[in-house]
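Student: Hi! Could you walk me through this one with me asking questions as we go?

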Amino acid sequence: MTVPRFDELIHSPTRLAIVSLLAASEWADFSYIRDTVELSDSALSKQLTTLEQAGYAEIRKGFIGKRPRTSARLTVQGRAAFEQHVAALQQIVVRSGATILPSG
Amino acid sequence: MSDEVSPAEAAQALTDIQLRQQQVIDLATIPVWYWWAVGALMVVLAVGVDLHSPVAIGLTVPVFVVGMLAATGWVVGRAFRHAQLRNGLMDGRAVAAILVFDAIIVGGTIGLAFGLRAAGVGHPATLASVAGGLVMGVGGPVLMRRLRAIMLGNRTGAAR
């Protein structure tokens with residue numbers, strides 16, 4: 001059972017998109033995230049650094065042949081925070097439904 | 001902060017989350033052409049077997065191996081270059097679906113080939129592989145739709 005916990009860091013629209021992509025991946029390539037979320041290299045680097053500093057993401061830099069390759073993934077802590085954030089969003093929606101429904 | 005998020009905004013965020021995860025899942029979907037290519041390569045290999053000729057074997061085996069490596073390499077490489085699916089998206093149902101599909105293709109093709117051979121039908125391996133290849137071409141996309149549905153159901157935040 002996931003305990004709902006709203007996470008302001010994740011909820012920013014850009015980071016929410018990045019974390020959602022990473023949530024379905026073991027590893028995601030930097031260029032794939034950049035193109036999918038439609039960010040510049042520097043903007044994505046900044047967002048990934050923010051997630052990394054929070055302990056939510058891990059960044060791996062390597063080479064394929066002579067070509068540099070950067071990948072990212074969610075850490076265990078990041079995945080847990082994301083699941084809690086999703087649970088918090090669901091709770092907001094469910095609660096609103098409960099208040100909208102006529103009582104009795 | 002969560003108090004400031006309206007239900008409509010939360011619902012929109014949940015929709016966005018689902019769509020983003022779906023993008024990664026769709027990336028890993030094996031294209032339809034792959035199943036037909038593998039089916040055709042099975043037939044090529046079987047023709048080599050049925051001809052009982054070293055030259056035919058020498059020609060068809062490399063075509064099969066290179067074709068399989070190229071087609072599979074393309075599919076795997078595409079996922080590797082973009083994003084590797086989270087293992088947790090697949091579960092026992094997905095493994096069972098893959099095993100049943102493999103059993104139908106491999107068991108069905110081999111069983112049919114031996115049956116045709118026992119019945120004295122000519123070119124049993126080729127005929128059985130044509131049948132197996134057709135099942136592969138038609139059934140592969142069906143398997144992928146099943147796996148996709150399972151993975152979508154296992155997304156974070158998906159309705160269970």
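Tutor: Sure, we'll talk about confidence, then the contact between the chains, then the strands.

Student: Great. What kind of model is it, and what are its ipTM and pTM scores?

Tutor: This is a predicted model. Its ipTM is 0.87 and its pTM is 0.84.

Student: What is the mean pLDDT of chain A, and of chain B?

Tutor: For chain A the mean pLDDT is 90, with 93% of its residues at 70 or more. One stretch of chain A, residues 98-104, has pLDDT below 50. Beyond near neighbours in sequence, that stretch makes 0 contacts in the model. Where pLDDT is low, predicted coordinates should not be read in detail. Chain B has a mean of 92, and 97% of its residues reach 70 or more.

Student: Good to know. How many residues from each chain take part in the contact?

Tutor: Chain B brings 27 residues and chain A brings 28 residues.

Student: And what area is buried there?

Tutor: About 2500 Å² is buried between chain B and chain A, and carbon and sulfur atoms give 67% of that. On chain B's side, Ile17(B), Arg20(B) and Arg86(B) supply 22% of the area this chain buries against chain A, more than any other three residues.

Student: Which elements of chain B are on that side?

Tutor: Those giving two or more residues are α1 (7-27), α3 (54-82) and β1 (83-85) of chain B. Of these, α1(B) gives the most, with 12 residues.

Student: How many of chain B's touching residues are nonpolar, polar or charged?

Tutor: They divide into 14 nonpolar, 9 polar and 4 charged.

Student: So how many salt bridges cross the interface?

Tutor: The rule finds 0 salt bridges between chain B and chain A. There are, however, 8 residue pairs in polar contact across the interface, both residues at pLDDT 80 or more.

Student: New topic: strands! Which strand of chain A is joined to β1(B)?

Tutor: That is strand β1 of chain A, residues 25-29, joined to β1(B) by 3 bridges and running antiparallel. Within this pairing, Ala28(A) stands opposite Ala83(B).

Student: Which strand of chain A is β1(A) joined to?

Tutor: β1(A) is joined to β3(A), residues 67-74, by 2 bridges, again antiparallel. Here Asp29(A) stands opposite Ser71(A).

Student: And how many bridges join β2(A) to β3(A)?

Tutor: There are 8 bridges between β2(A), residues 57-64, and β3(A), which run antiparallel. Gly62(A) stands opposite Arg69(A), and Phe63(A) stands opposite Pro68(A).

Student: What do β2(A) and β3(A) form, and what's in the turn?

Tutor: They form a hairpin with 2 residues between them. Gly65(A), in the turn, has a positive phi of about 70°.

Student: Thanks, I'll go and look for those!

Conventions:
Residues numbered from 1 in each chain as written. Chains lettered and ligands numbered in written order. Predicted model: local features only at pLDDT ≥ 70, side-chain atom pairs only at ≥ 80, totals over all residues. Heavy atoms only, no water. Contact = heavy atoms within 4.5 Å. Buried area = accessible area lost by both parts, 1.4 Å probe. Salt bridge = Lys/Arg side-chain N within 4 Å of Asp/Glu carboxyl O. Polar contact = N/O pair within 3.5 Å; in protein donor to acceptor, adjacent residues only side chain to side chain. Helix = DSSP H or I, 4+ residues; strand = E, 2+ residues; numbered from the N terminus. Nonpolar A, V, L, I, M, F, W, Y, C, P; charged D, E, K, R; others polar. Pairing = 2+ DSSP bridges. pLDDT = per-residue confidence, 0-100.
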